[in-house]
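Below is a walk through one protein chain, from its loops to its core, salt bridges and a pocket. Please keep the sequence and the coordinates at hand while reading.

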Amino acid sequence: MERMRGTGEAKGGLSLDQLVTLADLRSVRDELLTAINKVRVSSPESTKKWLKSSEVRKLLNISPGKLLALRAGRQLAFVRLGGVIYYDREDINKMIQKAKTSAL
């Protein structure tokens, strides 16, 4: 049986009325998740030098009060510009390294 041109034919000789299997859907899902993860890992969010308070709290999973205590105790350096507080990512990493205990 010969297919007519323009009657529901997609790329690769597949017709648009073909059934899609669960395996096909899983394959597409896996490809999409892989692509999303690549974009997320290479996004500027993960490489930003200066972070706002909300980003630091999310990164460290701490409360606003704990972040305030880190600032007040001079454990974490910060810069205030126009009412917004910024933290250097390197300072956060140094603080984490300093707090790290060695496993025996």
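Begin with the loop between helix H2 (53-60) and H3, where Asn-61 lies. The model is a predicted one, and in it Asn-61 has a positive phi of about 55° although it is not a glycine. With a relative accessibility of 70%, Asn-61 is exposed, because exposed means over 50%. A second residue of this kind is Arg-74, whose phi is near 55°, again a positive value in a residue other than glycine. Arg-74 sits in the loop between H3 and strand E2 (79-81). Its relative accessibility is 78%, so Arg-74 also counts as exposed.

These two loops belong to a chain with four helices and three strands. In sequence order the pattern reads α-β-α-α-β-β-α. The chain has 104 residues, and 14% of them count as buried. Among contacts between residues at least 6 apart in sequence, 44% join residues that are at least 24 apart.

Next comes the interior. In soluble globular proteins, nonpolar side chains tend to be buried together. Here the largest nonpolar core has nine residues: Leu-51, Val-56, Leu-67, Leu-70, Leu-76, Ile-85, Tyr-87, Ile-92 and Met-95. At least two residues of this core come from each of helix H3 (64-72), strand E3 (84-88) and helix H4 (89-99). Met-95 is one of the core residues. Which residues does Met-95 contact, leaving aside its neighbours within four places in sequence? They are Leu-60, Leu-70, Gln-75 and Leu-76. Two of these partners, Leu-70 and Leu-76, are themselves listed in the core.

The charged side chains are the next topic. Side chains of opposite charge can pair when their charged atoms come close. The structure holds four salt bridges. One of the pairs is Lys-49 with Asp-88, at 3.1 Å from N to O. This pair links distant parts of the chain, since Lys-49 is in the loop between helix H1 (22-41) and strand E1 (50-52), while Asp-88 is in strand E3, 39 residues apart. The two ends of the bridge fall into separate accessibility classes: Asp-88 is buried, with a relative accessible area of 10%, whereas Lys-49 is partly exposed, with 42%.

Lys-49 has another partner. Its side chain also meets that of Glu-90 in a salt bridge, at 3.8 Å from N to O. Glu-90 lies in helix H4 and Lys-49 in the loop between H1 and E1, so this pair ties together parts that are 41 residues apart in sequence. Glu-90 is partly exposed, at 47% relative accessibility. Taken together, Lys-49, Asp-88 and Glu-90 are linked in a network of salt bridges.

Another of the salt bridges joins the side chains of Asp-30 and Arg-29, at 3.2 Å from N to O. Asp-30 has a relative accessible area of 39% and is partly exposed. Arg-29 is partly exposed as well, at 44% relative accessibility.

The last stop is a pocket. Rolling a probe the size of a water molecule over the atoms shows where empty space is left. The second largest pocket has a volume of about 150 Å³. Which residues line the second largest pocket? The lining is made up of Gln-75, Leu-76, Ala-77, Asp-91, Lys-94, Met-95, Lys-98 and Ala-99. By type, these lining residues divide into four nonpolar, one polar and three charged. Leu-76 and Met-95 appear both in this lining and in the largest nonpolar core. Gln-75, which also lines the pocket, is one of the contacts of Met-95.

Conventions. Residues are numbered from 1 along each chain as its sequence is written. This is a predicted model: local features need pLDDT of at least 70, side-chain atom pairs count only at pLDDT 80 or more; totals for chains, interfaces and linings use all residues. Side-chain values use heavy atoms; hydrogens and water are left out. A nonpolar core is a set of buried Ala, Val, Leu, Ile, Met, Phe, Trp, Tyr and Cys residues joined through side-chain atoms within 4.5 Å. Buried means under 20% relative accessible area, exposed over 50%, partly exposed in between (1.4 Å probe, protein chains only). Contact means heavy atoms within 4.5 Å. On a 1 Å grid over the protein atoms alone, a cavity is a set of points where a 1.4 Å probe fits but cannot get out, and a pocket is an open set with protein on both sides within 12 Å along at least five of seven lines; lining residues have an atom within 4 Å of a point. Grid points are joined across faces, edges and corners, and a volume is the space filled by probe spheres set on the points. Ala, Val, Leu, Ile, Met, Phe, Trp, Tyr, Cys and Pro count as nonpolar, Asp, Glu, Lys and Arg as charged, and the others, Gly among them, as polar.
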